[in-house]
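User: I have a chain open here and would like to go through it. Can you take my questions one at a time?

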Amino acid sequence: MANHKSALKRIRQNEVRRLRNRYYHKTARTAMKVLRNEEDKAAAAEQLPKVISLLDKLAKKNIIHKNKAANLKSKLTKHVNKLA
């Protein structure tokens with residue numbers, strides 16, 4: 001266990017950030033799941049920019065890698081365009 005005040009503060013900060021990052025990541029995954037399960041093209045096209053924005057924010061904050069965000073955005077866009 002840490003003995004310095006700064007190390008104890010760092011542990012507290014890391015825990016808070018870990019939980020916050022986990023929340024953002026889970027929220028984005030849920031949004032992607034909802035978008036993938038959408039059958040209506042109009043509704044999916046309306047949701048797509050919001051999901052893309054979430055992914056961009058995760059990549060900007062280094063919660064996910066920028067290439068992973070790009071791959072997910074590409075797959076989701078293809079899925080929406082494929083809907084009839």
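The chat below goes through the fold, the surface and a few residues.

User: What kind of model is this, predicted or not?

Analyst: This is a predicted model, where local features need pLDDT of at least 70, side-chain atom pairs count only at pLDDT 80 or more, and totals for chains, interfaces and linings use all residues. Residues are numbered from 1 along each chain as its sequence is written, and side-chain values use heavy atoms, with hydrogens and water left out.

User: OK. How many helices and strands does the chain have?

Analyst: The chain has three helices and zero strands, in the order α-α-α from the N terminus. Helices (H or I, at least four residues) and strands (E, at least two) are DSSP runs, numbered from the N terminus.

User: Is the chain a compact globule or more spread out?

Analyst: More spread out: the radius of gyration is 17 Å, well over the 12 Å that the globule rule gives for 84 residues. That radius is taken over C-alpha atoms, and the rule is 2.2 Å times the number of residues to the power 0.38. Along the principal axes, the C-alpha atoms fill a box of roughly 60 × 20 × 15 Å.

User: What does UniProt list for residues 28-75?

Analyst: The unreviewed UniProt entry lists residues 28-75 as "coiled-coil region". UniProt positions are given in the numbering used here, feature names are shortened, and annotations may be inferred rather than shown by experiment. In the model, that span is 81% helix and 0% strand, and its end C-alpha atoms lie 15 Å apart.

User: And how much of the chain is buried?

Analyst: Buried residues make up 20% of the 84 residues. Buried means under 20% relative accessible area, exposed over 50%, and partly exposed in between (1.4 Å probe, protein chains only).

User: What about the exposed area and the charges?

Analyst: The chain exposes about 6,600 Å², and carbon and sulfur atoms supply 54% of that. Accessible areas come from the Shrake-Rupley method with a 1.4 Å probe; for residues, only the protein chains shown count as cover. There are 23 positive and 6 negative side chains, and the centres of the two sets lie 15 Å apart. Lys and Arg count as positive and Asp and Glu as negative, while His and the chain ends are not counted. The place of a charge is NZ of Lys, CZ of Arg, CG of Asp or CD of Glu.

User: Switching to single residues. Where is H79, and which residues is H79 in contact with?

Analyst: H79 sits in helix α3. Leaving aside neighbours within four places in sequence, H79 is in contact with L35, R36 and E38. Contact means heavy atoms within 4.5 Å. The C-alpha atoms of H79 and A44 are separated by 9.2 Å, with their positions 35 residues apart along the chain counted as the separation.

User: Where does Y23 lie, and is Y23 buried or exposed?

Analyst: Y23 lies in helix α1 and is exposed, at 54% relative accessible area. The C-alpha atoms of Y23 and H79 are 25 Å apart.

User: And T30?

Analyst: T30 is also found in helix α1, residues 5-36, and counts as partly exposed at 39% relative accessibility. T30 and V51 are 21 residues apart along the chain, with 9.7 Å between their C-alpha atoms.

User: What is the phi of N62, and where is N62?

Analyst: Phi of N62 is near 60°, a positive value in a residue other than glycine. Most residues other than glycine have a negative phi. N62 is in the loop between α2 (41-60) and α3 (66-82), and N62 counts as exposed because its relative accessibility is 69%.
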